[in-house]
Number of protein chains: 2
Amino acid sequence: MSKVHNYSAGPCILPQEVLQQAAAAVTNFDNLDLSILEISHRSTSFVKVADSAIAMVKEMLSVPEGYSVLFLQGGASTGFLMTIYNLLTENGKAAYSDTGTWSSKAIKEAQRFGNIDIVSSSKDKNYNYIPKGFDIPSDADFYHFTSNNTIFGTQYKEFPEFDGVKVCDMSSDIFSRQINVADFDLIYAGAQKNLGPAGATLYIVKDEIFGRSGRNIPAMMDFKVHASKESMFNTPPVYSIYVAMLNLEHMLKNGGLSTYENLAQQRAKMLYSEIDSNPLFKGTAAIEDRSNMNACFALTDDSLKEQFDKMWNEANISGIKGHRSVGGYRASMYNALPLESVEVLVNVMKKLNS
Amino acid sequence: MSKVHNYSAGPCILPQEVLQQAAAAVTNFDNLDLSILEISHRSTSFVKVADSAIAMVKEMLSVPEGYSVLFLQGGASTGFLMTIYNLLTENGKAAYSDTGTWSSKAIKEAQRFGNIDIVSSSKDKNYNYIPKGFDIPSDADFYHFTSNNTIFGTQYKEFPEFDGVKVCDMSSDIFSRQINVADFDLIYAGAQKNLGPAGATLYIVKDEIFGRSGRNIPAMMDFKVHASKESMFNTPPVYSIYVAMLNLEHMLKNGGLSTYENLAQQRAKMLYSEIDSNPLFKGTAAIEDRSNMNACFALTDDSLKEQFDKMWNEANISGIKGHRSVGGYRASMYNALPLESVEVLVNVMKKLNS
């Protein structure tokens, strides 16, 4: 375990074992006497890595038949575009839920291309809750939502129901909870939270939706093109995929999704219990919608800020400064964060109150 | 120097010194006791890396005032799209030269968006030469060409003249030759040849062309958006940028562009001299258009294939199998390839003829 307690919101903590393997491959990969950074993406050694990464995503999430798993580039922000290119018909409309900065950016991009129906929003309360009980028009080309809102610390505990094409940006909670992939037509996630380093984006696409929009889709935006080339239509982000593969291997070895769901719940319980019982702190998100990944909280007395900041700094805690949209603090507790790190933070909070 | 003589066409050889530094940062970056893979792209340490990388590109290429240097994702294939989104007006036309697989892909993408005038092509001879003496219509929104054709081993020795907006895909020869950036409005290059590992794409954009197309440009496709956020509109490919920065530092320390231009000429001279003087080999590209980066050649007697393949394999040469579009052999000689590696290949060729 690293001596630093790494609460970075993303790119974020990765397991030490993975980092050791990742470093070794930079000098000598697969006993080739070459670095993984200087070999062809079409070499036998790397094709094996890419194939393994895909197979392990399928294993972790029990991806059913009829779905393609792709590793592409450009982050969720490119995912916003790919969603539209592949799913929004020329004169159609799409339904979006607006639950934070990233939902809102997805909507902004979609609005360039067509008619967007914002079927629910928590903007009225600075996105501190997840809207419930809204209708999604059945004639929408698709419905899009963001499963976890990194910046505001909210998370859907139950996913909205919709019989049509369902799209979810799971960038910040994928691999931390059980999901039924068959309930979705498209899932995408930037790698840099629970999957690996920045530079790769994971797509899980139901093959049935290929070309659904009827648009003339640019090759780089077309799921069908990428699926037909097994994510190697152009040079993939080799190293990001390699480290993601190592991390998937590590997670599977440790018990897979149930282990990480359990850990996420334990970490969240520890920290939120302290936030709720310590009079010097308050949570900023609605209790029932609190994220297991990103806990947002604030001091009840701002004059303690300097003292608290000094204390967590001295405890070797890193990355808990809140996002400017919310203020206060944000503890991002991604898959590789050990329970010990949460203990250290909770102890600092207790000490502030002693 | 690596024991393997790495002629990979890309991702390709990187300097050993760079690889050692790159590996070290995966376990402990900037004495943070954290990996470069697990820190925020907005951390002081990484922002310094990104700023340095940009400054060093400007230094290497003497980029004049009024240009933005961006590190984005998606490879040249995304560059094809960004070119169009930013430069092709709704009813305008663009001029392209077709000199190989990548030019041809750029044209295919452009044709989805508008009227494309192919002003020159070497397709008639399987792209084995660079067309000269063609006209570019003065009313074209822009003119696009590919400075070096990796697959067919041809390279513009003089760049075509055009008074309008000039765009060049320099993926495979950037940093290996002197260029006058002021002659271009847009230069782009996938990192994975002379710059760094796969996953980052370099753009050098004249600020005057921002929004030139008048289109409603998606944020991820908009140079202005990326420039205004200093390449951090969304999470950048952190590690690829870091290694590119290390490599730029290494190249500048070794004398910058003139050193690498000189080396490229020396390597090319050594290899092409052998190809031309050894009766068992022939070059496949027109002599005056031969690339200094990718030398394509074939055996004059195919029955020697098995023997030659065995010999270069035993000499620890890697990656010289030709691309399926040309056949034969391709020796990619990017910036980090030492002259010694060329000597080894030339000696194997001589030995085959002895």
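How are H2(B) and H6(B) oriented to each other? In this predicted model, where local features need pLDDT of at least 70 and side-chain atom pairs count only at pLDDT 80 or more, while totals for chains, interfaces and linings use all residues, the two helices are oblique to each other, a term for angles outside the classes under 35, over 145 and 65 to 115 degrees. Residues are numbered from 1 along each chain as written, chains are lettered from A and ligands numbered from 1 in the order written, and side-chain values use heavy atoms, without hydrogens or water.

**Packing of H2(B) and H6(B)**
- Helix H2 (residues 44–61) and helix H6 (residues 238–253) of chain B pack at an angle of about 45 degrees, with their axes 9 Å apart.
- The contact (heavy atoms within 4.5 Å) involves residues including B:Phe46, B:Met56 and B:Glu59 of H2(B) and B:Tyr242, B:Leu248 and B:Glu249 of H6(B).
- The residues of this contact divide into 14 nonpolar, one polar and two charged.

**Helix H8(B)**
- In helix H8 (residues 305–314) of chain B, the residues B:Phe308, B:Asp309, B:Met311 and B:Trp312 are buried, meaning under 20% relative accessible area (1.4 Å probe, protein chains only).
- Those buried residues fall within an arc of 165 degrees when seen down the axis of H8(B), so they line one face of the helix.
- The face turned away from the buried side carries B:Glu306, B:Lys310 and B:Glu314, which are exposed, that is, over 50%.
- Among the elements against which the buried residues of H8(B) pack are strand S12 (294–299) and helix H9 (339–352) of chain B.
- Just after H8(B), B:Asn316 takes a positive phi of about 65 degrees.

Terms used:
Axes are lines fitted to C-alpha atoms, for helices over the stretch in contact, and angles run from 0 to 180 degrees between N-to-C directions. Helices (H or I, at least four residues) and strands (E, at least two) are DSSP runs, numbered from the N terminus. Ala, Val, Leu, Ile, Met, Phe, Trp, Tyr, Cys and Pro count as nonpolar, Asp, Glu, Lys and Arg as charged, and the others, Gly among them, as polar. The arc is that of the directions from the helix axis to the C-beta atoms.
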